[in-house]
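This report goes through the empty spaces, the nonpolar cores and a few single residues of one protein model.

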Amino acid sequence: MTEASDFGNFVVGLMNEKYLTKKTYKTIYEPYTILKPEQKLYDPELPQGISNVFFVQETPQGKIIAHGGNNGDFDCKYAYMPERKIGYVIFTNSNLGDEFIRFLELYLFRGIS
């Protein structure tokens, strides 16, 4: 169990590539499985895949590294763009958290409001 602020520190460590080897970061950032358009939840036109660790999406603005989950009435997700050094950590206590998170991603990563 954790809280958003502590988990945020973990994500900042990943984003700044401080604690793992370059080989490990390559494993994190390189998709192992490429998703087909029908497998994608959002943006079927953009390349998306699953690395050995995270969801990876290529956008015109840069690569997004992400992971999330839910257990009914709780949604959480974190995502960051390693090249731009921006990201977020969101823990919600709502089954509608995914909708909010999607709007945040479009604004933060793609400049769409």
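The text below takes up the cavity and the pocket, then the cores, then three residues.

The model is predicted, and local features are described where pLDDT is at least 70.

**Cavity and pocket**

Rolling a probe the size of a water molecule over the atoms shows where empty space is left. The structure has one cavity of 30 Å³ or more. Its largest cavity holds about 40 Å³ of space. The residues lining this cavity are Asp43, Gln57, Thr59, Ile64, Arg102, Glu105, Leu106, Phe109 and Arg110. Two elements, β3 (55-59) and α3 (97-110), give two or more residues to that lining. Helix α3 provides the largest share, five residues.

The largest pocket encloses about 420 Å³ of space. Its lining consists of 23 residues, and those nearest the pocket centre are Leu41, Tyr42, Phe55, Lys77 and Asp98. At least two lining residues come from each of β3, β4 (62-70), β5 and α3. Here the largest share, five residues, is supplied by β4.

The table sets out the two spaces by volume and by the class of their lining residues.

| Space | Volume | Nonpolar lining residues | Polar lining residues | Charged lining residues |
|---|---|---|---|---|
| Largest cavity | about 40 Å³ | three | two | four |
| Largest pocket | about 420 Å³ | eight | eight | seven |

**Nonpolar cores**

In soluble globular proteins, nonpolar side chains tend to be buried together. In this model the largest nonpolar core has eleven residues: Val11, Leu14, Met15, Tyr25, Ile28, Tyr29, Phe54, Val56, Ile65, Tyr78 and Tyr80. The elements α1 (4-15), α2 (22-29) and β5 (75-81) each give two or more residues to this core. Another core, of eight residues, lies apart from it and includes Ile64, Met81, Ile101 and Phe109. Two of these names have already come up, since Ile64 and Phe109 also line the largest cavity.

Tyr25 is one of the residues of the largest core. Beyond its neighbours within four places in sequence, Tyr25 is in contact with Gly13, Leu14, Glu17, Lys18, Tyr19 and Leu20.

**Three residues**

Is Lys77 buried or exposed? Lys77 counts as buried because its relative accessibility is 18%, and the limit for buried is under 20%. Lys77 belongs to strand β5. It is also among the residues nearest the centre of the largest pocket. Its side chain makes a polar contact of 2.7 Å with the side chain of Glu105, and Glu105 is one of the residues lining the largest cavity. With neighbours within four places in sequence left aside, Lys77 is in contact with Ala66, His67, Gly68, Tyr88, Val89, Ile90, Ile101 and Glu105.

Glu83 is found in the loop between β5 and β6 (86-92). Glu83 is exposed, because its relative accessible area is 56%, where exposed means over 50%. Not counting residues up to four places away in sequence, Glu83 touches Gly62 and Lys63. Glu83 and Gly69 are 14 residues apart along the chain, and their C-alpha atoms are separated by 24 Å.

Phe7 sits in helix α1. How far apart are Phe7 and Phe91 in sequence and in space? They are 84 residues apart in sequence, with 9.9 Å between their C-alpha atoms. Phe91 is also one of the contacts of Phe7, along with Thr2, Tyr78 and Val89, when neighbours within four places in sequence are left aside. Of these contacts, Tyr78 is a member of the largest nonpolar core.

Methods: Residues are numbered from 1 along each chain as its sequence is written. This is a predicted model: local features need pLDDT of at least 70, side-chain atom pairs count only at pLDDT 80 or more; totals for chains, interfaces and linings use all residues. Side-chain values use heavy atoms; hydrogens and water are left out. On a 1 Å grid over the protein atoms alone, a cavity is a set of points where a 1.4 Å probe fits but cannot get out, and a pocket is an open set with protein on both sides within 12 Å along at least five of seven lines; lining residues have an atom within 4 Å of a point. Grid points are joined across faces, edges and corners, and a volume is the space filled by probe spheres set on the points. Helices (H or I, at least four residues) and strands (E, at least two) are DSSP runs, numbered from the N terminus. Ala, Val, Leu, Ile, Met, Phe, Trp, Tyr, Cys and Pro count as nonpolar, Asp, Glu, Lys and Arg as charged, and the others, Gly among them, as polar. A nonpolar core is a set of buried Ala, Val, Leu, Ile, Met, Phe, Trp, Tyr and Cys residues joined through side-chain atoms within 4.5 Å. Buried means under 20% relative accessible area, exposed over 50%, partly exposed in between (1.4 Å probe, protein chains only). Contact means heavy atoms within 4.5 Å. A polar contact is a pair of N or O atoms within 3.5 Å; within protein, one must be able to donate a hydrogen and the other to accept it, and residues adjacent in sequence count only if both atoms are side-chain atoms.
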